[in-house]
Amino acid sequence: MSIIHTIEEIDATWNENLNKKTMKLKKYRIDDIADLNRSCISKIDTISDIEYLDTSNITENVIFDTYMLNIDNAPSRAQRKVSDKTILYSTVRPRLKHYGILNSPKDNFIVSTGFVTIDIKEQYKEEIDATYLYLLLTQPSITEYISNIADTAVSSYPSINPSDIASIEFKFPSYGIQKLVANIWSAFDRKIELNRAINSDLSVYKKAKERKKSPP
């Protein structure tokens, strides 16, 4: 499905519903529709090696680095389990935008307890799209709202509690419209990621070419 076609579908669906006056928005708190910090590593887990993501290694859904670690040598904060479409939101310094949404992470992918993990509850998976929720949660106005809460924290640095995110309310259109919006964003996000990879490859090629030209 092309981006243009998807935009046209959204526009047509939106206008059709408005004309019929049937566009209904449902309001939910995040903790009504999602589990926060659903699962952590326990003693019964048989994981020996993990791929670990710290809060500083993701910004606006771009993962810069992960660490392959033996579980015995991993930092104590390497605890949170994740799954497909888990939303990550750092509880520390929200203005730095250390958040993202995961696509099919490996079974041994573990993230820091510095994140709040947000997973759509099973009973809402046909009503709430995780990517759409992620887009709502990462709007500039919501980032500012959460950051203002963090600024009042009694800790030595701006931080929030999971309950600060859990209590946020959003209005959701129909599941179909959520999916269409999410598909548009995902298409653009993939395009941006592809351009980033191309630019990275070009940079490596340029440096290699310059080294080749340099005298021994």
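A salt bridge is taken here as a side-chain nitrogen of Lys or Arg within 4 Å of a carboxyl oxygen of Asp or Glu. The structure is a predicted model, so local features need pLDDT of at least 70 and side-chain atom pairs count only at pLDDT 80 or more, while totals for chains, interfaces and linings use all residues. Residues are numbered from 1 along each chain as its sequence is written, and side-chain values use heavy atoms, with hydrogens and water left out.

By the salt-bridge rule, the count comes to 10. One of them joins the side chains of Lys179 and Asp129, with N and O 3.3 Å apart. Lys179 sits in helix α6 (residues 175-213) and Asp129 in the loop between β11 (115-120) and α3, so this pair ties together parts that are 50 residues apart in sequence. Helices (H or I, at least four residues) and strands (E, at least two) are DSSP runs, numbered from the N terminus. Burial is graded by relative accessible area: under 20% is buried, over 50% exposed, and anything in between partly exposed (1.4 Å probe, protein chains only). On that scale Asp129 is buried, at 6%, and Lys179 is partly exposed, at 32%.

Another salt bridge links Arg77 with Asp54, the closest N and O atoms being 3.4 Å apart. Here both partners come from loops: Arg77 from the one between β6 and β7, Asp54 from the one between β3 (49-53) and β4 (58-59), so the pair ties together parts 23 residues apart in sequence. Asp54 is buried, with a relative accessible area of 14%, and Arg77 is partly exposed at 38%. Asp31 and Arg29 also meet through their side chains, at 2.7 Å from N to O. Asp31 counts as partly exposed at 26% relative accessibility, and so does Arg29 at 29%. Elsewhere, Arg95, Glu144 and Asp151 are linked in a network of salt bridges.

Turning to the strands, 4 of them form an open sheet in the order β6-β3-β10-β7, with mixed pairing. Two strands pair if DSSP finds at least two bridges between them. The edges belong to β6 (67-70) and β7, each of which pairs on one side only. Neighbouring strands of this sheet are turned by 50 degrees against each other on average, direction ignored; axes are lines fitted to C-alpha atoms, for helices over the stretch in contact, and angles run from 0 to 180 degrees between N-to-C directions. Strands of a sheet pair through backbone hydrogen bonds, either parallel or antiparallel. Strands β7 and β10 (residues 109-112) run antiparallel and are joined by 3 bridges.

Lys81 gives a view of that edge, as it is found in strand β7 (residues 78-81). Across from Lys81, in β10, stands Ile110. The C-alpha atoms of Lys81 and Val111 are separated by 6.6 Å, with their positions 30 residues apart along the chain. Beyond its neighbours within four places in sequence, Lys81 is in contact (heavy atoms within 4.5 Å) with Ser39, Cys40, Ile41, Asp45, Ile110 and Thr117. With Asp45 there is also a polar contact, side chain to side chain, at 2.7 Å. A polar contact is a pair of N or O atoms within 3.5 Å; within protein, one must be able to donate a hydrogen and the other to accept it, and residues adjacent in sequence count only if both atoms are side-chain atoms. Lys81 itself is partly exposed, with a relative accessible area of 25%.

His98 lies in the loop between β8 (87-90) and β9 (99-101) and is buried, at 14% relative accessibility. Its side chain reaches the backbone oxygen of Thr55 at 3.4 Å. Apart from sequence neighbours within four places, the contacts of His98 include Ser56, Ile58, Leu88, Tyr89 and Phe115.

As for the aromatics, rings of Phe, Tyr and Trp (its six-membered ring) pair if their centres lie within 6.5 Å, with planes under 30 degrees apart counted as stacked, over 60 as edge-to-face and the rest as tilted. The count comes to 7 aromatic pairs. Tyr132 and Phe172 make a tilted one, 6.1 Å centre to centre and with 50 degrees between the planes. Since Tyr132 lies in helix α3 (residues 130-137) and Phe172 in strand β12 (residues 169-172), the pair ties together parts that are 40 residues apart in sequence. Both rings belong to buried residues: Tyr132 at 13% relative accessibility and Phe172 at 2%. Ring pairs further link Tyr28, Tyr124, Tyr132 and Phe172 into a cluster.
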